[in-house]
Amino acid sequence: MSLAPLLDAAPAIPLHAFAAMGAFVLGIIQLAAPKGTLPHRVLGWVWVVLMLVVALSSFWIHEIRLVGPWSPIHLLSIFALVMLVSGVTAARAHNVRRHKITMTSIFFGALVIAGLFTFIPGRIMHAVVFGP
């Protein structure tokens, strides 16, 4: 395992990856910890900021090009941005059910499922974890 492939990549890629890793760890904590507490709200805002960095930084990553410089993953980034707004709006409106469903969906869809695709051979994270 070596961080060299990640650190040698264009600046948006390590920014994106480290923000995603932070959001993943913090997301696990948020899912396990008590809800509605001050720490949950503070860590929730940190998680939202990390997810904004993950989603926005993806627009400067063009490793997979299917339509010009874009790929389907960029649609996921747009979806994640919309869902983040929806999740925060739900929390501020005290709609706990919608907030829980939205944030859990973002965590599993944008971090867990999309994250697994980064380990496909030929991708940078595959090289980080398994070697070139």
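This report describes the overall fold, two helices, the largest pocket and two single residues of a predicted model.

## Overall fold

The protein chain contains 6 helices and 0 strands. In sequence order its pattern is α-α-α-α-α-α. The radius of gyration is 15 Å, close to the 14 Å that the globule rule gives for 132 residues, so the protein chain is as compact as a globular protein of that length. Along its principal axes, the C-alpha trace spans about 45 × 35 × 20 Å.

Of the 132 residues in the protein chain, 34% are buried. The accessible surface comes to about 8,200 Å², and carbon and sulfur atoms account for 77% of that area. When contacts between residues at least 6 apart in sequence are considered, 57% join residues at least 24 apart.

## Helix H2

Helix H2 covers residues 12-32. Its 21 residues should span 30 Å at 1.5 Å a residue, and the end C-alpha atoms are 30 Å apart, which agrees.

The buried residues of H2 include five alanines, namely Ala12, Ala17, Ala19, Ala20 and Ala23. The rest of the buried set is Ile13, Pro14, Leu26, Gly27 and Gln30. These buried residues of H2 pack against helix H1 (4-7), H3, H5 and H6.

## Helix H5

Helix H5 has 22 residues, running from 96 to 117. At 1.5 Å a residue the expected span is 32 Å, and the end C-alpha atoms are 30 Å apart, which agrees.

Which residues of H5 are buried? They are His99, Thr102, Met103, Ile106, Phe107, Ala110, Leu111, Ala114 and Gly115. Their cover includes helix H2, helix H3 (38-57) and helix H4 (72-92). H5 is in turn one of the elements against which the buried residues of H2 pack.

## The largest pocket

The largest pocket holds about 950 Å³ of space. It is lined by 36 residues, and those closest to its centre are His16, Ala114, Gly115, Thr118 and Arg123. Two of these, Ala114 and Gly115, are also among the buried residues of H5.

The elements giving two or more residues to the lining are H2, H3, H4, H5 and H6. Which element supplies the largest share of the lining? That is H5, with 7 residues.

## Alanine 127

Alanine 127 is located in helix H6, which covers residues 124-130. Is alanine 127 buried or exposed? Its relative accessibility is 17%, and a residue is buried when this value is under 20%, so alanine 127 counts as buried.

Leaving aside residues up to four places away in sequence, alanine 127 touches Pro5 and Pro132. Leucine 81 is 46 residues away from alanine 127 along the chain, and the C-alpha atoms of the two are separated by 28 Å.

## Histidine 94

Histidine 94 is found in the loop between H4 and H5. With a relative accessibility of 70%, histidine 94 counts as exposed, because the cut-off for exposed is over 50%.

The phi angle of histidine 94 is near 60°, a positive value in a residue other than glycine. Most residues other than glycine have a negative phi.

Note on methods. Residues are numbered from 1 along each chain as its sequence is written. This is a predicted model: local features need pLDDT of at least 70, side-chain atom pairs count only at pLDDT 80 or more; totals for chains, interfaces and linings use all residues. Side-chain values use heavy atoms; hydrogens and water are left out. Helices (H or I, at least four residues) and strands (E, at least two) are DSSP runs, numbered from the N terminus. The expected span of a helix is 1.5 Å times one less than its number of residues. Buried means under 20% relative accessible area, exposed over 50%, partly exposed in between (1.4 Å probe, protein chains only). Contact means heavy atoms within 4.5 Å. The radius of gyration is taken over C-alpha atoms; the globule rule is 2.2 Å times the number of residues to the power 0.38. Accessible areas come from the Shrake-Rupley method with a 1.4 Å probe; for residues, only the protein chains shown count as cover. On a 1 Å grid over the protein atoms alone, a cavity is a set of points where a 1.4 Å probe fits but cannot get out, and a pocket is an open set with protein on both sides within 12 Å along at least five of seven lines; lining residues have an atom within 4 Å of a point. Grid points are joined across faces, edges and corners, and a volume is the space filled by probe spheres set on the points.
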